[in-house]
Amino acid sequence: MSAIASRPASNAEKWPAAIQVAGMNRPSGLTANFIVHRAALSGLLWPSFSPLVGPYSLANRLVMAPMTRSRAQLDGTPGASAATYYAQRASIGLIVTEGTQPSEDGQGYLMTPGIYTDAHVAGWRTVSDAVHAKGGRLFIQLMHAGRMSHPDNTPHHRQGVAPSAIGSGAHMFTPTGLQPAPAPRALSLDEIGQTVADFRFAARRAIEAGADGVEIHGANAYLIQQFLAPSANTRTDAYGGSIENRARFAIEVAQAVADEIGADRTAIRLSPGTAMWGIDEGPEGPALYRYLVAELNKLELAYLHVMQQGSEALLVDIRRLWMGMLILNRPGRARDHIGVDVTWRFADLESYGQMVLANPDFVARLKADASMNAADRGSFFGGGDAGYIDYPELEIDVDVDAETALT
């Protein structure tokens, strides 16, 4: 039993579950909570040394999580305001872009960007240049939606592809409204090889577009996680059945991308235990992730990005197995828990989504202990500049040092 287990629930709720699992000692009481909270922020905002992601030094330990915004042009070129949107948020240590399809087959949603044509490269170049001009760093997330697609949303209007011909049971927005996502077509062995090659090619194009690196999307019920989950993968060849086989596609993609652009510019995102859109990793799920993370660790990638909604005990194991930089994302995390995972060494960096979306000056607001804008959920996906580049910023000077901020 952990040290926290015998304490009242009201105290336990003040701390992330990972800390409860580890049973670490910590201060108690409201004053101590405030002190620890401000100390945790200090470690994020004014690190004693610049955190390294691959070859890059970051200004702080905060990361903008990838978020689909559905504002690209019909051909997948980033929209006219994308450069402004990302540059507004360049004070954060690392920006991970919205999911970006590596091929026509990889698109799932309407108006999402791609990174496989000359027009895509030119569009992303304006984004990269704008972020770099503000001193920021940017990784483009490579996302193949797999069975989470609809023919009406793609340029070629073909049936979606997946490890097996099993539908997700989900509904998707299309040009004609909400429709069921059709059952996909199972990829052949040759097509799996081509899909790996598509990731490799897209990674090269991302670097040509000025990105500092790429994050492979292996989470959230999309293609790579579909290979991991027996509910979506019933193959009987080298890509299905055993843990090793179901992890093979993810490892091959990571290896191919690392070979193409360098391991220090290659990262991957995973969401162990996430159950959505028909994904069920089954009782072998934790063992699969222990195997997968250990194998990925051998590649010496720039970082591993974990979206944590599953087992805290598994997260502890992942932290032990992964020797490189670990970014942790906890959806819905309370503001007064920002910095806790870094403080207690469950992660090297922490990523945030909606708070960064609604607060382009997220870092400044944390430094000033200022209130946060509320996110407008109605403008998350699609639309124009409203809810995209018009969130207000602070009008006060927040160029303060760590000592001042903690007094």
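Two residues are in contact when they have heavy atoms within 4.5 Å of each other. With that in hand, here are some exercises on this predicted model.

**Exercise 1. Get an overview of the fold.**
How many helices and strands does the protein have, and what percentage of its residues count as buried?

*Solution.* Start with the secondary structure: there are 14 helices and 14 strands. Next, look at burial: 57% of the 407 residues count as buried. Then turn to the surface, where the accessible area is about 16000 Å², with 53% belonging to carbon and sulfur atoms. Finally, take the contacts between residues at least 6 apart in sequence: 70% of them join residues at least 24 apart.

**Exercise 2. Examine helix H9.**
Check the span of H9 (residues 285-297), then find which of its residues are buried and what they pack against.

*Solution.* Step one is the length. At 1.5 Å a residue, the 13 residues of H9 should span 18 Å, and the end C-alpha atoms are indeed 18 Å apart, so the two values agree.

Step two is burial. The buried residues of H9 are Gly-285, Leu-288, Tyr-289, Leu-292, Val-293, Leu-296 and Asn-297. They cover an arc of only 160° around the axis, which puts them on the same side of H9. The spacing fits a general rule: an α-helix has 3.6 residues a turn, so residues three or four places apart point the same way.

Step three is the partners. The buried residues of H9 pack against three helices, H7 (223-228), H8 (243-261) and H10 (312-321), and two strands, S11 (266-270) and S12 (303-307).

**Exercise 3. Map the nonpolar cores.**
Which residues have the most contacts inside the largest nonpolar core?

*Solution.* The largest core has 85 residues, and those with the most contacts inside it are Leu-62, Phe-249, Leu-292, Leu-296, Leu-304 and Phe-362. Its largest share, 11 residues, comes from H8. Apart from this core lies another, of 13 residues, including Leu-58, Leu-94, Met-325 and Ile-327.

Now zoom in on one residue of the largest core. Beyond four places in sequence, Phe-362 touches Leu-62, Ile-92, Ile-338, Tyr-352, Met-355, Val-356 and Met-372.

**Exercise 4. Trace the contacts of Thr-174 and Gln-179.**
Is Thr-174 buried or exposed, and which residues does Gln-179 contact?

*Solution.* Begin with Thr-174, in strand S7 (residues 171-174). Its relative accessible area is 6%, and buried means under 20%, so Thr-174 is buried. The side chain of Thr-174 reaches the backbone oxygen of Gly-177 at 2.7 Å. Outside its neighbours within four places, Thr-174 is in contact with Leu-110, His-150, Asp-152, Asn-153 and Gln-179.

Move on to Gln-179, in strand S8 (residues 177-180). Setting aside neighbours within four places, Gln-179 is in contact with His-150, Asp-152, Ala-170, His-171, Met-172 and Thr-174. With Asp-152, Gln-179 makes a side chain to side chain polar contact (3.4 Å). As for His-150, the C-alpha atoms are 8.3 Å apart, although 29 residues separate the pair in sequence.

**Exercise 5. Place Gly-108.**
Where is Gly-108 found, and which residues does Gly-108 touch?

*Solution.* First locate Gly-108: the residue sits in the loop between strand S4 (94-100) and helix H5 (118-133). At 3% relative accessibility, Gly-108 counts as buried. Leaving out residues up to four places away, Gly-108 touches Ala-145, Met-148, Ser-149, His-150, Asn-153 and Met-172. Last, compare sequence with space: Gly-108 and Phe-173 are 65 residues apart in sequence, with C-alpha atoms 9.9 Å apart.

Technical notes. Residues numbered from 1 in each chain as written. Predicted model: local features only at pLDDT ≥ 70, side-chain atom pairs only at ≥ 80, totals over all residues. Heavy atoms only, no water. Helix = DSSP H or I, 4+ residues; strand = E, 2+ residues; numbered from the N terminus. Expected span 1.5 Å × (residues − 1). Buried < 20%, exposed > 50% of the residue type's maximum accessible area, 1.4 Å probe, protein only. Arc of directions from axis to C-beta. Polar contact = N/O pair within 3.5 Å; in protein donor to acceptor, adjacent residues only side chain to side chain. Core = buried A, V, L, I, M, F, W, Y, C linked by side-chain atoms within 4.5 Å. Areas by Shrake-Rupley, 256 points an atom, 1.4 Å probe, with all protein chains shown as cover.
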